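Please look through the sequence and the model together before reading on. The report that follows takes up a few places one after another, and each can be found again by its residue numbers.

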Amino acid sequence: MSDYELNIEETAAYLRQQVSILPQIGLVLGSGLGSLADEIESAIKIPYVNIPHFPVSTVEGHAGQLVFGQYQGKSVVAMQGRFHAYEGYSARELTFPIFVMKKLGVDLLVVTNAAGGLNRSFAAGDLMLITDHINMTGMNPLIGPNPEQFGTRFPDMSEAYKQSLRASAETIARQLGIAVQKGVYVAITGPSYMTPAELKMMALIGGDAIGMSTIPEVIVANHCGIKCLGITCITDMALGDELEPLSHEQVVRVANQARPKFISLVKQFIAEVDLNALG
């Protein structure tokens, strides 16, 4: 067993000692969206700095803790803040929590993020259900020795974001009166935002939204057999020929404004999802 796998084992063992009920669902909460974890009942909050081998989040708007508890009748663990390549972490380091989630028993991962809109039919404040992704980071967390206990050397990515989960979320959104977009998420490493020419290229290759996270986590989840639902909050329009200056504070502000409908959608989705039918 590699040192990396031993670290996963040690981290999972530590977390099992801290909680009495192991999670069925994992939540990764992006910029401005972490307050969903405040609604988790019987919550046990564990700061990342206290968890063996865990990275530490350094980004504004990311609380930096795991929250275990009950949410809409399901046992969950929420990452209240994620890790990014631009913080200096390798792809293996920033996806370490997903391997740990699998070791704890997670079968469903809901990943969220804030991103710029490349699709001209979108608007700031929209929610987008991720249908697929384009990895422009130049990173893959599965490079290196393959942890066979989690999955195959060459995992299939033909349905990285499970269509049935997305269809369920779309139906729920319609029932709640929440308009949702659907589209392809593009990831870059950041931390600099893209130039107008780069954004035009990303739109030309099929991107609908662009951000700096999520894809490494989803690659590892698919490797581990965890099913994924991805939801993006469009915080600004990243149109190459209409680009305006952008700040992280603006991203967080718009994500905060969209938070009520985001939380409503995730809450009802978790309430209705049938974990026995994930397949």
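## Strands side by side

In this predicted model, H133 has Y185 in β7 as its bridge partner. That bridge belongs to the pairing of strand β6 (residues 127-135) with strand β7 (residues 180-187), which run in the parallel sense and are joined over eight bridges. Strand β6 is also joined by three bridges to strand β9 (residues 227-237), and here the two strands run antiparallel. Within this antiparallel pairing, L129 has I231 in β9 as its bridge partner. As a general point for reading such strands, the side chains of a regular strand alternate between the two faces of the sheet.

## A buried aspartate

D208 is found in the loop between α5 (196-204) and β8 (209-211). Is D208 buried or exposed? Its relative accessible area is 14%, and because buried means under 20%, D208 counts as buried. Leaving aside residues up to four places away in sequence, D208 touches G116, G117, L118, N119, F122, M128, G183 and V184. With V184 there is also a polar detail, since a polar atom of the D208 side chain lies 2.8 Å from the backbone nitrogen of V184. E159, by comparison, is 49 residues from D208 in sequence, and the C-alpha atoms of the two are 18 Å apart in space.

## Aromatic rings and helix α3

Across the whole structure, a search finds eight aromatic pairs. Two of the pairs are set out below.

| Pair | Arrangement | Centre to centre | Angle between planes |
|---|---|---|---|
| F54 and F96 | edge-to-face | 6.1 Å | 80° |
| F83 and Y89 | edge-to-face | 5.8 Å | 70° |

The pair of F54 and F96 links distant parts of the chain, for F54 is in the loop between β2 (41-47) and β3 (65-71), F96 is in helix α3 (residues 96-104), and the two are 42 residues apart. Both F54 and F96 are buried. In the other pair, F83 counts as buried at 2% relative accessibility, and Y89 also counts as buried, at 19% relative accessibility. These four residues belong to one aromatic cluster, which is formed by Y4, Y48, F54, F83, Y89, F96, F99 and F150. At Y4, a charged side chain joins the picture, as R92 lies over the face of the ring, at 5.1 Å from the ring centre.

Helix α3 deserves a further look. Seven of its nine residues are buried, so α3 is largely enclosed by the rest of the structure. The buried residues of α3 are F96, P97, I98, F99, V100, M101 and L104, and two of these names, F96 and F99, also appear in the aromatic cluster. Just after α3 comes G105, which takes a positive phi of about 115°.

## Cysteines without a partner

A disulfide is a covalent bond between the sulfur atoms of two cysteines. How many disulfides does a search of the whole structure find? The search finds zero. C224 is in no disulfide, and the nearest cysteine sulfur, that of C228, is 9.7 Å away. For C233, the closest cysteine sulfur is also in C228, but it is 19 Å away, which is too far for a bond. C224 counts as buried at 4% relative accessibility, and C233 is likewise buried, with a relative accessible area of 1%.

Notes:
Residues numbered from 1 in each chain as written. Heavy atoms only, no water. Phe/Tyr/Trp six-rings, centres within 6.5 Å; stacked < 30°, edge-to-face > 60°. Helix = DSSP H or I, 4+ residues; strand = E, 2+ residues; numbered from the N terminus. Buried < 20%, exposed > 50% of the residue type's maximum accessible area, 1.4 Å probe, protein only. Lys NZ or Arg CZ within 6 Å of the ring centre and 35° of its normal. Contact = heavy atoms within 4.5 Å. Polar contact = N/O pair within 3.5 Å; in protein donor to acceptor, adjacent residues only side chain to side chain. Disulfide = S-S within 2.5 Å. Pairing = 2+ DSSP bridges.
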